[in-house]
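Here are my notes on the model you sent over. Keep the structure open beside you and go through them one at a time.

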Amino acid sequence: MNNYSKLNNILGWIVFAIASTTYIMTSEPTASFWDCGEYVATAFKLQVGHPPGAPLFQLIGRFFTLFAFGNISDVAMMINIMSALASGFTILFLFWSLAILVKKLAIRSGVLTQWKMIAVFGSAAVGSLAYTFSDSFWFSAVEGEVYAMSSFFTALVFWAILKWEENAGEKNAFRWLIFIAYMVGLSIGVHLLNLLAIPAIAFVYYFKKHTQSNAKGIILTFLISILILGFVMNGIIPWIVKLAGYFELFFINIIGLPFNSGTIIYFLLIIAGIYFGIRYTRKNQKTILNAIIWGLTFILIGYSSFFLLIIRSNANTPIDENSPEDAISLLAYLNREQYGDWPVIHGQYFNAPVSGRKDGTPVYRKNRESGRYEILDHRKGTIPVYAAEFTTLFPRMWNDTEQRYIDDYKTWSGMKGIPTSVTDEYGEKEVLNKPTFAENFRFFFRYQVVHMYFRYLMWNFAGRQNDIQGMADKKNGNWISGIRFLDHARLGPVLDVPASLKNKATNKFYLLPLILGLTGLIYQFRSDKRNFLVIGLLFIMTGIAIVIYLNQHSPQPRERDYAYAASFYAFSIWIGLGVYAIFEILNRKISAKWAAISATLGAFLLVPCIMAKEGWDDHDRSGRYTALAIANNYLNSCAPNAILFTNGDNDTFPLWYTQEVEGIRTDVRVINLSLLNTEWYIQQLKRKAYKSEPVPFSLPWEKYKEGSGNYTYFLENENIKGNVELKQLFDLMKTDPSKLKMQSRIGPIDYFPAKKFKITIDRDQVLKTGTVSKQSVDLIEKEIAWTINRNGITKNFLMVLDLLATNNWERPVYFAISTGSSAYIGLQDYFQLEGMAYRLVPIKNTGKDGQEGRVETRIMFDNLINKYRFGNMSDPDIYLDETNMRMTLNLRNNFYRLSNKLIEEGKNDSARIVLNRCIKELPDKTIPYNYFVMPIAEGYYRIGDIEKGNAIYSRMIEIIIEQLEYYFKFSGSFKTGYDIEKEQNLAMLQKIAQLTARYKQDNLTQKAGDEFDRYYKLYTHK
């Protein structure tokens, strides 16, 4: 066994080295899109990120940033390496866990011989390396996000319970259970996913303590494990903080002690309780109670990492989301109140009418003048109560916040519904179409289970079509196998995709990992039912259980496969067991030596090797700087001391990283419109941050505090003619607010008597502040007049209007071009395009290109040519996924609009520079030509560079022909699914024929026309 232990350690560390080296080599060298920029920024300076927080991740991340040795450009890379190493350790513990599980099976049939030992380690290596190269886990392993570290804790605690099982008879085996409790507590400071391993851990304990298990014991263990999970998630995590809040309120508001006294007393009582509890249980030999107290103690020690958030929030860091400065506000932070709630076990359908309302939990804030906590918002009647007729057990179709969610509910469920009479909260009766429970369950199975879980499982162990988000069509985001007859039967001839549509994320595993995993699953079920139940429970709790809990609507903003990585970890255990199953089968026919070698080598070549080969190109992010480049371009599109409104993750978090870590353009104040709905964020914006002065909001705190100003209705007064002066309106709000309030059947409401507004322009002021250049002085309007075509505005847009009313053009105001028209509140006619952002100016856009914003060529040329970065987008070896590709559309459009305007102004030389830079930085070899490059070709024609225009149009015709050839291969039920693509390509051919004819390029005109005629005939005879 000494030999076994030595080999186990050596091989485990070799597998760790392979995994860690892979992940470090393929790590992104800077921040990635989505949440990564925020995580890196908050770790670097120990700030407060989005709820429910990841303080342990931040602390460890901060430690890793020290290895940048002052080079701020390496900070993100160090945190990405932290994820890579955490993932490598995950693989190490998976290897050791697999070795334990397989060894049990090996010694059941006799002594652990040399070749059985080889088969054991071969099984562990193949299973752990299969997980190493699985799609979802590899994705998280190379970026600065919490999921890699969360997976590490899951692997660690699962290995630890197996080690406890091995050593349960020893005197100090109890320490393994305390270690697990501590790791569970620590993991809360990373992500709650780790807690889902608790039921599997409970069953390992039960089976070790009961050699003769029965159905009653199994059911009871399952129920107890769920209670423990619920106790940690809904007991320890919120109630430790909630009770601290109660103590704080009592000792400050009732007793009159200073702030934080109640919290200190509370935790002193907890420490005293733990001390006397341990002392009492030891003295009286209460072994089980003693173990429980020790377990809870170490969970709390691990959980104490959340003190970091309170400490740093009190330091008023620039990123301080939700501002959890005390126990009371920390509870709202942990409960993710900012994001709202959703039903899981019982709740409403999406079209359920509100039948009444109940009160929410009051919101308290410190009043430093009075030395007490005062109620900021009583939250009277804030929680809707839905009509009982439209509620159900297990509600899956619940979200009514956007029409597209409702439409998708109906599509996925095939909803017809049942007409149902119901009375709303105002006593009015109506008949609504209520979904049936069968339709509700159909949505759950088709969308939440099959599309949002099993599709991801197949991505990881069968193969993946591409990295374009799947919307339930046959074109994108599906699983494939690489087996032609199978894929073509399901999806049509998708394996024949042409070069212009090829995607590096097309991975073909030929079902081999899946088959090997299912082999291991069946083998374990037959040979080791106890551990099959353990692994099966881990697989379900980290897979289907998450599906049930998340209760996702359709569509999601992005693919969510990363959330189920622990479930794929469990399946990889079955892959390893599948290798040993093959060894046993072969050993019946051939010697143990050749059975072990054949099973291990064959499985290694056919599973992890194929997975690594197929997955490397689409997981290799080395050399990719696009997120940093795009963030730089957003910021450098703005004038000094600007205010930039953003909306989503990808136009906010990379910018935070760029400012907080790289120190780029810290004079620009980035305002996220989603967060602008909150009082705490508005308060923070009124503070100076780095080189950015406070945002000049004028509304007093009472107007935007929690519970105030949430919605302002537009109730047009027929006596008001024309547009209302915005500044006068906000002056009225501050001096006589009662005039903008009225009673309604839902209570008092805020309102504006108009939806048409204006800002009168002081020409001297806009020239003085540089808002408008002297060359454009004659274009200045007397007023900005616009209409907000809505029934009202939420708090965020109320604050935008407040800023516009009082800014007096002192600070340049920009809107990111990616926020979407709904964020522009009707101001588009006065937008000026200066790059990746529109500047609000008192000049009306008279352009005829159908796009938003006039183009200021002097500023935009300087930004695009001298300030923009492109993050190696032109390198064909760099992998650009869907998110990165989507960003390139805005860049190409920027180049087109600038060149077009320069040509209109007669500046052909400058236009040529812009067009050439576009082709250089966004070439066809990395960002295939599409519709958005056609105006670039026309631009070349217009400045006389005919050959360059011809080169683009010629390449476009080649692309269109090969894509049409591909689309017309689809027949039967797949045929109509590509009609849109056919129409788009035909339209481009027609456009090319028209443009080339205009510039007398007869050969291209003939070519485009002939191809159009040929494919149009095919299309019309469908």
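1. Let's begin with a side-chain pair: T652 and D651 make a polar contact through their side chains, at 3.4 Å. Keep in mind as you look that this is a predicted model.

2. T652 has another polar partner to find. A polar atom of its side chain lies 2.8 Å from the backbone oxygen of G648. So you have a side chain, that of D651, on the one hand, and a backbone atom, that of G648, on the other.

3. Where does T652 lie along the chain? Look in the loop between β11 (643–646) and α25 (653–660).

4. Is T652 buried or exposed? It is buried, because its relative accessible area is 1%, and the cut-off for buried is under 20%.

5. Who else touches T652? Leaving out residues up to four places away in sequence, T652 touches T646, N647 and N672. Try showing these three together with T652 on your screen.

6. Now for the empty spaces. How many cavities of 30 Å³ or more does a search of the whole structure find? The search finds three.

7. The largest cavity holds about 440 Å³ of space. Its lining is made of 31 residues, and those nearest the centre are F139, R464, R558, D881 and T883. If you want a place to centre your view, pick one of those five.

8. Which helices help to line the largest cavity? At least two lining residues each come from α6 (135–141), α23 (608–619) and α32 (882–904). Of these, α32 has the largest share, with four residues.

9. What sort of residues line the largest cavity? There are 14 charged residues in the lining, along with 11 nonpolar and six polar ones.

10. On to the second largest cavity, which has a volume of about 70 Å³. Its lining is Y147, S150, S151, T154, L193, Y562, A563, Y564, A565 and A566. Two elements give two or more residues to this lining, namely α7 (147–167) and α21 (565–587). The biggest contribution is from α7, with four residues.

11. Finally, put the two linings side by side. The second largest cavity has no charged residues in its lining, which divides into seven nonpolar and three polar, whereas the lining of the largest cavity includes 14 charged residues. Colour both linings by residue type and have a look for yourself.

Definitions and conventions: Residues are numbered from 1 along each chain as its sequence is written. This is a predicted model: local features need pLDDT of at least 70, side-chain atom pairs count only at pLDDT 80 or more; totals for chains, interfaces and linings use all residues. Side-chain values use heavy atoms; hydrogens and water are left out. On a 1 Å grid over the protein atoms alone, a cavity is a set of points where a 1.4 Å probe fits but cannot get out, and a pocket is an open set with protein on both sides within 12 Å along at least five of seven lines; lining residues have an atom within 4 Å of a point. Grid points are joined across faces, edges and corners, and a volume is the space filled by probe spheres set on the points. Ala, Val, Leu, Ile, Met, Phe, Trp, Tyr, Cys and Pro count as nonpolar, Asp, Glu, Lys and Arg as charged, and the others, Gly among them, as polar. Buried means under 20% relative accessible area, exposed over 50%, partly exposed in between (1.4 Å probe, protein chains only). A polar contact is a pair of N or O atoms within 3.5 Å; within protein, one must be able to donate a hydrogen and the other to accept it, and residues adjacent in sequence count only if both atoms are side-chain atoms. Contact means heavy atoms within 4.5 Å.
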